[in-house]
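I opened this model to look up a metal site and the nonpolar cores. My notes are below.

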Amino acid sequence: MNDFLQRKIIHIDMDAFYAAVEVRDCPALAGRPVVVGGAPNSRGVVATANYEARRYGIHSAMPASQAYRLCPFAEFIKPRFEAYLAVSREVMAILHRYSESVEPLSLDEAYLDVSDATEYQGSATRIARAIKADIVREVRLTASAGVSYNKFLAKLASGMNKPDGLTVIRPQEGAAFVRHLPIGDFYGIGKATETKMKKLGIHTGADLLRWSQDALVAHFGKAGYWYASLARGEDPRPVRAHRERKSLGNEITFALDVTDINVLREELFRQLAELMNKLEQRGWQTYTVTVKVKYADFEQVTRSWTHRQPLDRGRAQESICELLARTDAGMRSVRLIGVTLSGLAMTEALAQTSWL
Ligand code: DCP
Ligand code: MG
């Protein structure tokens with residue numbers, strides 16, 4: 001069997017996280033609609049709403065004023081980030097009991113690789129149940145869990161039976177599951193790509209699967225390889241413990257606009273060398289290079305490339321040349337140019353146990 005089908009990945013996502021913490025800490029709120037975020041009479045937005053408030057159509061990122069119109073008697077609460085951070089640390093500590101390989105995605109969400117776990121005879125489903133029970137008992141909050149053989153499916157699974165859900169997608173079910181999935185629900189397919197796919201007649205995983213990898217690459221560039229594997233229910237990304245979601249960047253605005261591609265390339269190499277020195281000092285590795293170009297008419301483009309392996313200087317320079325070739329640099333004059341390295345990870349030797 002394919003190795004990737006043998007992994008056991010759990011995705012944990014706290015339910016209505018900020019709102020649930022508020023209700024826990026103020027029992028009088030129990031059962032009432034609660035909205036955490038900007039004040040209703042401000043220009044702020046909703047960070048999250050509990051499930052009672054969601055029944056009125058309130059959701060994250062909606063203007064608070066609109067939430068107020070939908071449900072004027074909801075309780076509107078200002079976020080208390082320190083409280084959420086403290087809870088998040090407790091939850092992550094629980095996850096670390098079950099695996100060394102824990103990858104937090106945000107305060108309330110993480111992947112675990114439990115392929116090598118020995119608890120519960122190695123049953124990922126029973127481990128997920130135990131994690132949920134620990135969180136209820138020790139933190140007095142509920143989480144939803146997804147269990148599958150890769151990150152893509154584990155994350156989809158955790159969202160399927162919220163709140164307090166536990167959903168398993170087994171290796172033999174993955175491909176069929178993906179066939180029914182709307183294209184916008186695929187990992188890495190944002191609004192723009194979704195629109196483009198729909199124009200090509202791709203609405204579901206089944207439609208995507210009918211396209212050859214080559215055809216997808218022709219339409220979507222390197223991302224085409226990624227879409228082709230997702231369509232088969234495959235996602236080889238490892239769970240990366242200790243990942244830092246930081247980035248380091250550099251850019252300059254030229255005193256006079258530049259058209260000579262050699263000058264632009266040399267400038268990017270100079271910026272890259274500075275960044276790589278900083279990375280080395282901090283013991284970090286990088287996976288993604290982004291080049292930003294602002295033309296003389298102020299139009300701006302960015303091009304980026306994510307590698308599977310940490311980048312060394314040579315590969316980073318090659319990437320920069322490739323990315324630059326995907327802009328109009330050398331043909332149009334350029335006023336600003338910059339490079340950013342992201343997807344940073346601490347090198348193994350320096351990795352700390354703290355995840356923040
Ligand atoms: N958040 C935010 N702004 C957003 C989305 C989220 O401030 N646009 C914050 C508030 C959420 C927390 O991040 O409580 C976690 O985000 P989730 O997307 O996991 O949403 P919830 O945990 O609130 O709800 P769910 O039960 O759907 O996971
Ligand atoms: Mg959540």
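These entries go from the metal site to the cores and then to the domains.

I noted first that this is a predicted model, where local features need pLDDT of at least 70, side-chain atom pairs count only at pLDDT 80 or more, and totals for chains, interfaces and linings use all residues. Residues are numbered from 1 along each chain as written, chains are lettered from A and ligands numbered from 1 in written order, and side-chain values use heavy atoms, without hydrogens and water.

**Metal site.** Which protein donors hold the magnesium ion (ligand 2)? I found D13 (OD), M14 (O) and D108 (OD), 2.0 to 2.3 Å from the ion. Donors are N, O and S atoms within 2.8 Å of the metal (3.2 Å for Na, K and Ca); water is not among the atoms, so sites may look incomplete. M14 sits in strand β1 and D108 in the loop between β5 (102–106) and β6, so the pair ties together parts 94 residues apart in sequence. I checked burial (under 20% relative accessible area, 1.4 Å probe, protein chains only). M14 is buried at 3%, and D108 is buried at 15%.

**Cores.** A nonpolar core is a set of buried Ala, Val, Leu, Ile, Met, Phe, Trp, Tyr and Cys residues joined through side-chain atoms within 4.5 Å. The largest one has 36 residues. Its largest share, 8 residues, comes from α4. I then looked up L95. Beyond its neighbours within four places in sequence, L95 is in contact (heavy atoms within 4.5 Å) with I12, V102, A110, L112 and I131. A second, separate core of 28 residues includes F254, L275, Y295 and I337. Helices (H or I, at least four residues) and strands (E, at least two) are DSSP runs, numbered from the N terminus.

**Domains.** The assignment, automatic or from a database, gives domain 1 (175–231) and domain 2 (247–353). I read 28 Å between their C-alpha centres.

Key
Buried means under 20% relative accessible area, exposed over 50%, partly exposed in between (1.4 Å probe, protein chains only).
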